[in-house]
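Here is a walk through one structure, taking a metal site and then a sheet. Keep the sequence and the 3D view open while reading.

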Amino acid sequence: MADIQLETSGRDYLFAISDNDNHLTQIEKAAHSFYRTRTFDDSSLLLDSLNKRVPSALVIDSAQTDMSSIDIVTRVRRMLSADKLPIVFICSPSQTDLIDGAMGYQGVNVLTKPYRRTALLNAISSQVNSAIEADWDNIEPVQQAALKNTLDSFNSIADLISEGTPVAYSSVAENCQPLIKAVQDQNFQEMLGGIRGHDNYSYVHSMRVATLLSLFGQAINIKGDDLMTLTAGGLLHDVGKMVIPHEVLNKAGKLDDDEFAIMKTHVDHTLEFLDKSNDLPKGVGIIAGQHHEKLDGSGYPLGLAGTELNQLARMAAIIDIFSALTDRRVYKPSMPPEKAFSIMGSMKGHLDPILMVAFKEMLLDSVGDL
Ligand SMILES: [Fe+2]
Ligand SMILES: [Fe+2]
């Protein structure tokens, strides 16, 4: 059985130092969907803690009196290089000496006050992700290309959506080729390991869905263009989530009725975006449009039932639920596959029973972490 473990490394943590409690509270609130924040008002305690655990990133607020904020950067960089610990340095635009000093260090992103919450999240995120993406250079070429290419597609789609420009399916398909090859060769473990800790959750989820759909497709003998449709469909199935408000998309608790209504619109947003494309295979639209439909008609957006549900949609529904259950979030540990299967087994009438058996058998056959 594939082993899907919860990681308990410092990678879930963000450290933040300031002598201003309000700033620390703001940082903690801004990051709470992504990280457990540990706050410090004492630089020696911070340095001591860094010796014991390396967090995902460190936020240094220049409002720091016991040691100058630049001295903290210097001390931290002596202990940990830029690829080990990204730093976000917050100061006022008038503190030009501090800005110049901080920018003299590698892996330090300077953010000036006042800043928007999303700017802080983006600063942390771009720092964390560039450290993780730099590690991809150390993995085997096909898997490395799979990661880099799919991330390229994903990032450029974010731009295309905001510009209202259609996606060229041919370029997404080209970018999915190495992923298909890695899965074909049963050589995708490092690739999945490489996205652990990446803090673009939508990318991580879509990449896992693409990989599992590709694996599932190959296990039931789907080949060629149809296999590409499945894989690219996995990567594109949730792109409409890019326009869902951050606080709904990343809410740690259960969504209330209004929030769930907003969340459900991601399917329409995805279809609206994909419909602009003139070279998209029908199957990709089916995966995107029907992955939340259920066999008994209780799904969304259309409440399709039984034979109205295409086989691709049935496969995508299984993989999407399995993936969502076993994905790791800060507020939700990765669930072991056995438990995910048991939950899925209790969803009576929702999922295709024959495909469920095939999927379980395929995972029993898989080796290592998924
Ligand atoms: Fe979805
Ligand atoms: Fe999904």
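**The iron pair and the sheet**

In this predicted model, the iron ion (ligand 2) lies 3.6 Å from the iron ion (ligand 1), and D238 coordinates both. The pair links distant parts of the chain: H237 sits in the loop between α10 (224-236) and α11 (246-249), whereas D320 belongs to helix α15 (residues 311-326), 83 residues apart.

Which protein atoms bind the iron ion (ligand 2)? The donors are H205 (NE2), H237 (NE2), D238 (OD) and D320 (OD), at 2.1 to 2.2 Å from the ion. Their spacing along the sequence is H-x31-H-D-x81-D. Angles among the 4 donor atoms run from 83 to 173°, and the site is irregular. A tetrahedral site would need all angles between 85 and 135 degrees.

Are H237 and D320 buried or exposed? H237 has a relative accessibility of 1%, so H237 counts as buried. D320 is buried as well, with a relative accessible area of 7%. The cut-off for buried is under 20%.

The next part is the sheet. Its 5 strands are arranged in the order β2-β1-β3-β4-β5, forming an open sheet with parallel pairing. Because β2 (36-40) and β5 (108-112) stand at the edges, each has a single partner strand and one side without a neighbour in the sheet. On average, neighbouring strands are turned by 20° against each other, direction ignored.

At the β5 edge, strand β4 (residues 87-91) runs parallel to β5 and is joined to β5 by 5 bridges. Within this pairing, I87 stands opposite V108 in β5. Helix α4 (residues 96-103) lies across β4 and β5, and runs at about 160° to β5.

How values were computed. Residues are numbered from 1 along each chain as its sequence is written. Chains are lettered from A and ligands numbered from 1 in the order in which they are written. This is a predicted model: local features need pLDDT of at least 70, side-chain atom pairs count only at pLDDT 80 or more; totals for chains, interfaces and linings use all residues. Side-chain values use heavy atoms; hydrogens and water are left out. Two strands pair if DSSP finds at least two bridges between them. Helices (H or I, at least four residues) and strands (E, at least two) are DSSP runs, numbered from the N terminus. Axes are lines fitted to C-alpha atoms, for helices over the stretch in contact, and angles run from 0 to 180 degrees between N-to-C directions. Contact means heavy atoms within 4.5 Å. Donors are N, O and S atoms within 2.8 Å of the metal (3.2 Å for Na, K and Ca); water is not among the atoms, so sites may look incomplete. Four donors count as tetrahedral if all angles lie between 85 and 135 degrees; four count as square planar and six as octahedral if opposite donors are over 155 degrees apart and all others between 65 and 115; anything else is irregular. Buried means under 20% relative accessible area, exposed over 50%, partly exposed in between (1.4 Å probe, protein chains only).
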